[in-house]
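Biologist: I'd like to learn how to read a structure like this one. Could you walk me through it?

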Amino acid sequence: MSRTVLVYDEEMMSYKLLWDDPECAIEVPERLSSSYKRLQDYDLVNRCVLLPVREATEEEITLVHSPEYLDIVKSTQSMNVDELKTTSKKFTAAYFHQNSYRCAKLSLGGTLQVVDAVMSGEALNGMALIRPPGHHSQRSASNGFCVFNNVAVAAEYAKNKYKVQRILIVDWDIHHGQGIQYIFEDDPSVLYFSWHRYEHGSYWPYLSESDYDSIGKGSATGFNINLPWNQIGIGNADYIAAFFHVLLPMAFEFNPELVLVSAGYDSGIGDPEGRMCATPECFSHLTHMLMHLAGGKLCMILEGGYHLRSLSESVSMTVRTLLRDPVPRLSGEMTPCYSALESIQNVRHVHSTYWKSLVHDETRLVKAISTKGLSAPAPVHAEASAVNEFLENHMKKILHPTPPVTTLVVAPVENTLNLPADVQLEEGTATTEHVINAIRVFNQDGLNENILNSVGKMVLALEKLVNRKTRNCITLSPNTSLSAAVAVQQVLRLGCERVFCIIIGDVDIEPLKTDDGKIMCITISGDKTHERTHSQYQTFLKWKESSHESSSFFYALFRFVLPLAYSYQPDLIILAVESKGSVGTKDIALLTSLLQGLADGAVLAVVSEKEKEITKALANILVNCASMFFGPYIPPDKECVQSLTQELTVMQTKWKMLQCLAK
Ligand code: Q9C
Ligand code: ZN
């Protein structure tokens with residue numbers, strides 16, 4: 001079961017601004033139709049289950065809003081334009097139309113439709129394309145184009161109806177969802193994360209409570225996370241760094257049962273409100289990472305987004321990722337800007353008392369946080385039409401046809417593993433001479449038919465992997481070290497420029513030279529005996545899980561492995577597993593699944609043929625793109641953090657995504 005639901009109804013286009021108001025003029029009905037149209041162009045609508053909208057009931061609305069406010073909204077149905085205008089002016093950046101009430105009920109009802117589909121198990125995830133948006137609206141107030149707080153009501157609804165005890169709300173809209181903050185600031189069952197344009201408080205809604213030091217109240221202290229952006233031009237590297245160093249460690253430690261996203265796309269490139277730089281595929285990466293929480297239960301609820309082309313491309317990238325298409329490679333320089341690092345450092349600092357997964361070597365706040373001039377130059381502000389042209393080219397550049405085969409398996413014919421039905425076995429065999437030549441480099445003794453056969457098949461499979469005939473590849477190997485070493489050599493020969501290798505257990509690919517930057521290699525092991533020479537391209541992570549029931553490996557992934565991989569920007573991933581040793585099967589599964597965010601998903605897993613359980617778990621991830629519960633999670637122990645911190649000190653001068661301090 002891997003369905004994605006989509007809610008859309010053009011009736012939510014039946015209201016608009018009726019008078020002149022430059023502040024509200026950007027919130028237009030076409031925001032919905034252009035997003036839906038783009039989803040159709042990409043043939044994504046057909047692949048989702050379309051759900052009808054419904055009206056939210058008064059009971060549902062009043063889960064969050066006061067009956068008095070409901071009455072005001074209700075009364076706008078029969079107002080003339082003057083009365084609508086007068087009512088609108090009682091609020092901030094709000095406008096009402098005769099159809100606003102009806103549309104706000106559909107917008108909220110549509111949101112709850114997605115929540116019901118996901119919570120009932122009818123679908124795995126989904127998106128609601130709706131307007132009016134919700135995250136600014138408050139118990140008794142409309143605000144920032146929002147009427148009812150769709151996401152806040154959805155969280156209360158899920159708590160009541162499905163007895164969900166922990167909900168994560170991720171608000172990636174570029175405005176602070178102060179409405180959501182006010183509603184949940186004393187509720188520890190909801191972890192609320194928002195990043196937002198702030199500029200030291202000089203940007204709308206000009207609230208001091210939008211800063212990083214608003215962390216929640218009473219028993220919910222630590223459950224409100226604000227990441228203010230103090231500069232415009234924030235881009236892909238900054239957003240991804242914010243996920244690695246702020247949101248994801250806290251979210252994994254929180255271990256939600258449901259994830260709701262206030263999915264506003266005014267944080268994307270070209271938006272006249274946000275003035276940020278994130279390109280559409282960045283939202284694929286954010287979505288992909290969130291799919292690893294709550295067993296994949298993920299609901300995307302539209303909020304803002306005012307550049308129609310940028311909005312519709314970003315919505316499309318989100319839905320495409322929910323449907324598990326390969327995640328396009330992230331473009332741009334993988335270096336967060338100074339101002340972003342200041343904000344990241346400060347929010348980590350104020351939360352480190354409450355979240356053990358934020359433990360780090362530095363506990364200071366950035367002192368004088370007004371740092372104009374130190375930061376990267378603000379982007380030149382492009383015309384909307386120039387952004388259209390940019391996006392037209394950009395999308396062509398980053399999107400490639402999905403490979404016809406998902407997984408190619410190299411395994412002995414007698415392999416009795418229960419591999420999923422739709423895998424394809426590599427059936428050819430490379431000529432013996434070719435294979436012997438490939439192997440000779442590694443000067444191996446004890447070659448037998450079995451090994452030659454396996455390596456021969458793998459060599460053929462790799463050609464298909466590099467040429468994108470298959471998305472990924474699993475090799476069950478009788479000799480993991482040899483297979484991994486030959487694989488690296490072969491993919492370089494086939495034209496790969498950067499190969500990211502992760503080695504778990506005793507795999508020796510030492511004969512490969514790693515000083516030319518074409519290979520980056522991380523070895524993960526529980527003891528130092530597997531340690532190799534260190535360089536900027538070769539590193540060792542001493543990591544030992546202390547428990548079999550729960551895991552803290554997510555810490556190593558977000559603090560070290562993924563930032564390194566995202567900095568390196570590989571064009572192929574090789575994961576070699578000899579034995580699971582110091583990390584669990586679920587850890588290896590989580591690692592593999594997250595690594596699919598790189599290299600357009602081109603992953604080769606080389607697994608010792610003895611490791612049936614790992615092979616099965618990896619097949620489940622790579623073939624089925626399965627969503628699973630990777631937890632439960634516990635914070636990492638001190639010893640693991642210490643050895644990781646040592647490696648970090650060396651690596652972060654070159655690999656900038658590792659940084660989470662402004663220095
Ligand atoms: N130039 C949403 O994105 N105007 N609402 C700000 C600053 C209000 C945004 C003016 C923006 C409201 C859902
Ligand atoms: Zn917004």
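Modeller: Sure. Start with what is packed against what: about 3,000 Å² is buried between domain 1 and domain 2, and carbon and sulfur atoms give 61% of that area. In domain 1, Phe244, Phe252 and Arg329 lose the most area to domain 2, together 23% of what that side buries. Keep in mind that this is a predicted model.

Biologist: Where do the two domains run in the sequence?

Modeller: The domain assignment gives 2-397 for domain 1 and 405-658 for domain 2. Their centres, taken over C-alpha atoms, are 35 Å apart.

Biologist: And how many residues of each domain are in contact with the other?

Modeller: It's 35 residues of domain 1 with 35 residues of domain 2.

Biologist: Now charges. How do I read a salt bridge?

Modeller: The general idea is that side chains of opposite charge can pair when their charged atoms come close. Between domain 1 and domain 2 the count is one salt bridge. Look at Arg329 and Asp600, whose side chains meet in a salt bridge at 3.1 Å, N to O. Polar contacts between the domains come to eight residue pairs.

Biologist: Which elements give two or more residues to the side of domain 1 that touches domain 2?

Modeller: Those are helix H8 (236-254) and helix H9 (280-290). H8 provides the largest share of that side, nine residues. Sorted by class, the side of domain 1 that touches domain 2 has 18 nonpolar, ten polar and seven charged residues.

Biologist: How many salt bridges does a search of the whole structure find?

Modeller: The search finds 25. One to look up is Asp325 with Arg47, where the side chains meet at 2.7 Å, N to O.

Biologist: Why does that pair tie together parts that are apart in sequence?

Modeller: Check where each partner sits. Asp325 is in the loop between helix H10 (308-322) and helix H11 (338-351), while Arg47 is in the loop between helix H1 (30-41) and strand S2 (49-51), so the pair links parts 278 residues apart in sequence.

Biologist: Last stop, the ligand. Which residues come nearest to ligand 1?

Modeller: Of the 15 residues around ligand 1, the nearest are Glu23, Gly144, His175, Asp266 and Tyr306. Then go atom by atom. Glu23 has a polar side-chain atom 2.7 Å from a nitrogen atom of ligand 1. For His175, an N or O atom in the side chain is 3.2 Å from an oxygen atom of ligand 1. Glu273 has a side-chain N or O atom 3.4 Å from a nitrogen atom of ligand 1.

Conventions:
Residues are numbered from 1 along each chain as its sequence is written. Chains are lettered from A and ligands numbered from 1 in the order in which they are written. This is a predicted model: local features need pLDDT of at least 70, side-chain atom pairs count only at pLDDT 80 or more; totals for chains, interfaces and linings use all residues. Side-chain values use heavy atoms; hydrogens and water are left out. Domain bounds come from an automatic or database domain assignment. Contact means heavy atoms within 4.5 Å. Buried area is the accessible area (1.4 Å probe) that two parts lose on being put together, summed over both. A salt bridge is a side-chain nitrogen of Lys or Arg within 4 Å of a carboxyl oxygen of Asp or Glu. A polar contact is a pair of N or O atoms within 3.5 Å; within protein, one must be able to donate a hydrogen and the other to accept it, and residues adjacent in sequence count only if both atoms are side-chain atoms. Helices (H or I, at least four residues) and strands (E, at least two) are DSSP runs, numbered from the N terminus. Ala, Val, Leu, Ile, Met, Phe, Trp, Tyr, Cys and Pro count as nonpolar, Asp, Glu, Lys and Arg as charged, and the others, Gly among them, as polar. A residue is near a molecule or strand if one of its heavy atoms lies within 4 Å of it.
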